[in-house]
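I set out to look up the enclosed spaces in this model, then an open pocket, and finally one helix packing. My notes follow in the order in which I went through them.

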Amino acid sequence: MYIVEEAHNYCPERGYGNAVSSSILRTVASEGRKFGMGLCVVSQRPAKVDKNVISQCNTNIILKVTNPNDLRAIIQSVEGLTSETADEIKRLQVGVALVAGGSLTRPIMVEIRTRETSHGGRSITIISGEGEYKPVKIPEQPKIEKVEEKRPSKAEHVHRVANRLGWVSTATPDETIEILSREAKKMKEDPFKYLQSLAKLGEKYCHESNPLCIKCPMREKCRYRLMKRR
Ligand code: SF4
């Protein structure tokens, strides 16, 4: 796998400069795979990267982008993205990426967990002030404590989802469950199944910090989502 960081410097789009590596990267992008060579281009400015290279990338991992030119470049080069997706990309939370491309039937949201290993890379000086080599002791990295995440209970999921949808405006899960159970009975529905379906929605899509609204079946009727889009 050949990784090109700051790709806009090595294969710039027409009008954004020249680089001797441009034509080589174009060839690698379009023909490299038949020789078993992978290419990964990384940039914070997709609008400045040669479209011939981006359009050859099978899988695209997109983090939050707000610049309109960059958003347009992404939508035009990546298969399966629409202007609605551009809105989602603008609002992506830190640590959440949209993965899209020809190898996926539709774009998916992924949450990237915090790295558990310590950082190995470090700039070291091996030449002392007098111009002699001297061994450099790399300080030991502090161990990263693994913090156990507290999982919300089903009642908390129901409380969060119902409030986000705008079905209730309550302060506690108990209050929410009481109101929803009453509503379910009025509608002649089984309160347990009714609450269970909301809890499932919370577990699967409506996460506390990064709700996956783009995939949520309730997205068109959700007050929280509509307010965020304004
Ligand atoms: S649209 Fe988003 S905020 Fe609303 S219920 Fe679904 S995941 Fe939650």
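I began with the second largest cavity, whose lining I found to comprise 12 nonpolar and 3 charged residues, with no polar ones. I keep in mind throughout that this is a predicted model. For its volume I noted about 120 Å³. Of the 15 residues that line the second largest cavity, I recorded L165, C206, C213, C216 and C222 as lying nearest its centre. I then asked which elements give two or more residues to this lining, and the elements turned out to be α5 and α8 (223–229). The most is given by α5, which contributes 3 residues to the lining of the second largest cavity.

Next I turned to the cavities as a set, and I counted 2 of 30 Å³ or more in the structure. The largest cavity holds about 160 Å³ of space. Its lining, as I listed it, is made up of E88, R91, L92, Q93, V96, M109, N210, P211, L212, C213, R225 and K228. By class I entered 6 nonpolar, 2 polar and 4 charged residues for the lining of the largest cavity. From which domains does the lining of the largest cavity draw at least three residues? I found that domain 1 (2–111) and domain 2 (154–229) each provide at least that many.

I moved on to the second largest pocket, for which I wrote down a volume of about 910 Å³. There are 34 residues lining this pocket, and V41, V42, T59, N60 and I61 are the closest to its centre. I noted that at least two residues of the lining come from each of α1 (22–31), β2 (39–41), α2 (51–54), β3 (59–62) and α3 (68–77). The element that gives the most to the lining of the second largest pocket is β3, with 4 residues. Sorted by class, the lining of the second largest pocket has 21 nonpolar, 9 polar and 4 charged residues.

Last, I looked at a helix pair, and how do helix α5 (residues 154–165) and helix α6 (residues 173–186) cross? Their axes come within 9 Å and cross at roughly 70 degrees. Because angles from 65 to 115 degrees count as roughly perpendicular, I entered α5 as roughly perpendicular to α6. On the α5 side I listed A155, E156, V158, H159, A162 and N163 as making the contact, and on the α6 side P173, T176, I177 and L180. The contact of α5 with α6 divides by class into 6 nonpolar, 3 polar and 1 charged residues.

Conventions: Residues numbered from 1 in each chain as written. Predicted model: local features only at pLDDT ≥ 70, side-chain atom pairs only at ≥ 80, totals over all residues. Heavy atoms only, no water. Axes fitted to C-alpha atoms, helices over the stretch in contact; angles between N-to-C directions. Parallel < 35°, antiparallel > 145°, perpendicular 65-115°, else oblique. Contact = heavy atoms within 4.5 Å. Nonpolar A, V, L, I, M, F, W, Y, C, P; charged D, E, K, R; others polar. 1 Å grid on protein atoms, 1.4 Å probe; cavity = no way out; pocket = protein on both sides within 12 Å on 5 of 7 lines; lining within 4 Å. Points joined across faces, edges and corners; volume = space filled by probe spheres on them. Domains from an automatic or database assignment.
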